[in-house]
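I opened this model to look up a few side chains and the elements around them. My notes follow in the order I worked.

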Amino acid sequence: MLDIKKIREDFPILKREVNGKPLVYLDNAATSQTPQQVIDAIVDYYQNYNANIHRGVHTLSQEATDKYEQARLKIQKHFNAAKSYEIIFTSGTTHSINLVANGFSSLIKKGDEVLVSAMEHHSNIVPWQMLCERTGAILKVIPMNQEGELRMDVFDDLLSDKTKLIFCNHISNALGTINPIEEIIEKAHKVGAAVLIDGAQAAPHLVADVQALDVDFYTCSAHKICGPTGVGMLYGKEEWLNKLPPYQGGGEMIAEVTFEKTTYADLPHKFEAGTPNICGGIAFGAALDYMNGVGFKEVAKYEHELLEYATQELLKIDGLKIYGTAKNKTSVISFNIEGIHPYDMGSILDKLGIAVRTGHHCAQPIMDFFKIPGTVRASFAFYNTREEVDVLIAGVLKAKSMLL
Ligand SMILES: *Cc1c(COP(=O)(O)O)cnc(C)c1O
């Protein structure tokens, strides 16, 4: 059992008011809030050992390097990667995906096929479209059904020996669907295709074991898992990371530079050009420590209870429709009320101190599928409460009475 009251004490922001009302923060799928333990790690870095890493002989530089590399080890352990150098620090999921998509320019050719799921975030669509434009590869879409579940029967038909790459999110940020990535990975490998799983939305809710999954690439962003913005990770199997060329050139990623020829550094530095987000990386490690201290099993159970309660209460509201009703889903609820624009609903909820997201959630193809401009999205974290669900329900009812 989680002690929610105690957990909430860790998050200073949850004490603030918005528009004279206690903040009810239900936009966790966009970014999570930051516990004091992570804030402390950030302050500690700037107060006590701020220095550039890897190059310095002085004490501060060595301390910063040690802490940064310890964070890499924490990430390795958390995702159960076989080697620490299979963990590449990036600025986040978007950067990770672009790194891989760029690298594949030299590995795929005209006529090869690339499969993407119908429920991707734009950051897991656009880089692959750019790759296909550069190479002449063909992008094909794994469709979904009305519940927001992938059509695995069509996936089977789309797979062939032309399929070289498959991209899919572990959990959809717009619908909350947990995708059957084990099956996707296994079937992809049977035809020799590589798989990248976008774990941005999964990382806050569950622990992915990259070796057990046998996934080729896995990515996430620290800011969705109680860490800071601007830092994330790319896991890649060693054999794939060795095949991919560097993404950016600069300091830190080289072995030797002359004007005739430059040789590249070994993994992971080959992909880490320039001074990284040192403080962010260290704070990412602190965030994983924090989350593991709370316990992912307990988090998943508690968030599921919140999801079920909120779903049941929202569905009591006349004219309310939930988008994304997959059997297997996390604590994300996208909804609309007939006749009310999501933006109007979101604005009134904000006046009541309730933070939800409105719009297309960087997933326009999903909105096109349901033929809607967008949704109101409430996404719950382990520090949310049943009382906050009640505040949301009362807010939605109030907005409805004002707008209809
Ligand atoms: C948030 C999110 C992203 C993008 O993450 P950034 O941190 O903005 O790079 C990609 N995919 C999914 C599923 C997300 O939820």
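How far does the backbone oxygen of Met-233 lie from a polar atom of the side chain of Ser-96? I looked it up in the model, which is predicted. The distance is 3.2 Å.

**Entry 1: Ser-96**

I placed Ser-96 first. It is in helix α4. Its relative accessibility is 0%, so I noted Ser-96 as buried. Next I looked for side-chain partners. The side chains of Ser-96 and Thr-90 make a polar contact of 2.9 Å. I then listed the contacts of Ser-96, skipping neighbours within four places in sequence. They are Thr-90, Thr-219, Met-233 and Leu-234. Thr-219 caught my eye. Ser-96 and Thr-219 are 123 residues apart along the chain, yet 6.4 Å separates their C-alpha atoms.

**Entry 2: aromatic pairs**

I searched the whole structure for aromatic pairs and got 14. One of them is Phe-104 with Trp-240. The ring centres are 5.3 Å apart, and the planes meet at 45 degrees, which makes the pair tilted. Why does this pair tie together parts 136 residues apart in sequence? Phe-104 is in the loop between α4 (93-103) and β5 (113-117), while Trp-240 is in helix α9 (residues 238-243), so the pair bridges that separation.

Buried or exposed? I checked Phe-104 and Trp-240 in turn. Phe-104 has 2% relative accessibility and counts as buried. Trp-240 has a relative accessible area of 14% and is buried too. The cut-off for buried is under 20%.

Trp-240 has another partner to record. Lys-243 lies over the face of its ring, 4.1 Å from the ring centre. I found a similar entry elsewhere: the charged end of Arg-386 sits over the ring of Tyr-309, 3.9 Å from the centre. I also noted a cluster linked by ring pairs, made of Phe-11, Tyr-290, Phe-382 and Tyr-383.

**Entry 3: Glu-113**

I moved on to a charged residue in a strand. Glu-113 is in strand β5. Is Glu-113 buried or exposed? At 6% relative accessibility, Glu-113 counts as buried. Which side chain joins that of Glu-113 in a polar contact of 3.3 Å? The partner is Lys-140.

I listed the contacts of Glu-113, again without neighbours within four places in sequence. Among them are Ile-138, Lys-140, Leu-158 and Ser-160. The list also includes a run in the 160s: Lys-162, Thr-163, Lys-164 and Leu-165. Thr-163 turned up again in the strand pairing. It is the bridge partner of Glu-113 in β7.

**Entry 4: strands β5, β7 and β8**

I followed β7 outwards. β5 and β7 pair in the parallel sense, over four bridges. On to the next pairing: β7 and strand β8 (residues 194-198) are also parallel, over five bridges. Within that pairing, Phe-167 has Leu-196 of β8 as its bridge partner.

How does the chain get from β7 to β8? I traced the connection through helix α7 (residues 181-190), and β7, α7 and β8 make a right-handed β-α-β unit.

Last, I checked how enclosed β7 is. Strand β7 covers residues 163-169, and six of its seven residues are buried, so the rest of the structure largely encloses the strand. I added one general reminder to the page. Side chains in a regular strand alternate between the two faces of the sheet.

Terms used: Residues are numbered from 1 along each chain as its sequence is written. This is a predicted model: local features need pLDDT of at least 70, side-chain atom pairs count only at pLDDT 80 or more; totals for chains, interfaces and linings use all residues. Side-chain values use heavy atoms; hydrogens and water are left out. Rings of Phe, Tyr and Trp (its six-membered ring) pair if their centres lie within 6.5 Å; planes under 30 degrees apart count as stacked, over 60 as edge-to-face and the rest as tilted. Helices (H or I, at least four residues) and strands (E, at least two) are DSSP runs, numbered from the N terminus. Buried means under 20% relative accessible area, exposed over 50%, partly exposed in between (1.4 Å probe, protein chains only). A charge sits over a ring if NZ of Lys or CZ of Arg is within 6 Å of the ring centre and within 35 degrees of the ring normal. A polar contact is a pair of N or O atoms within 3.5 Å; within protein, one must be able to donate a hydrogen and the other to accept it, and residues adjacent in sequence count only if both atoms are side-chain atoms. Contact means heavy atoms within 4.5 Å. Two strands pair if DSSP finds at least two bridges between them. A crossover is right-handed if, with the strands pointing away from the viewer, the path from the first strand over the helix to the second runs clockwise.
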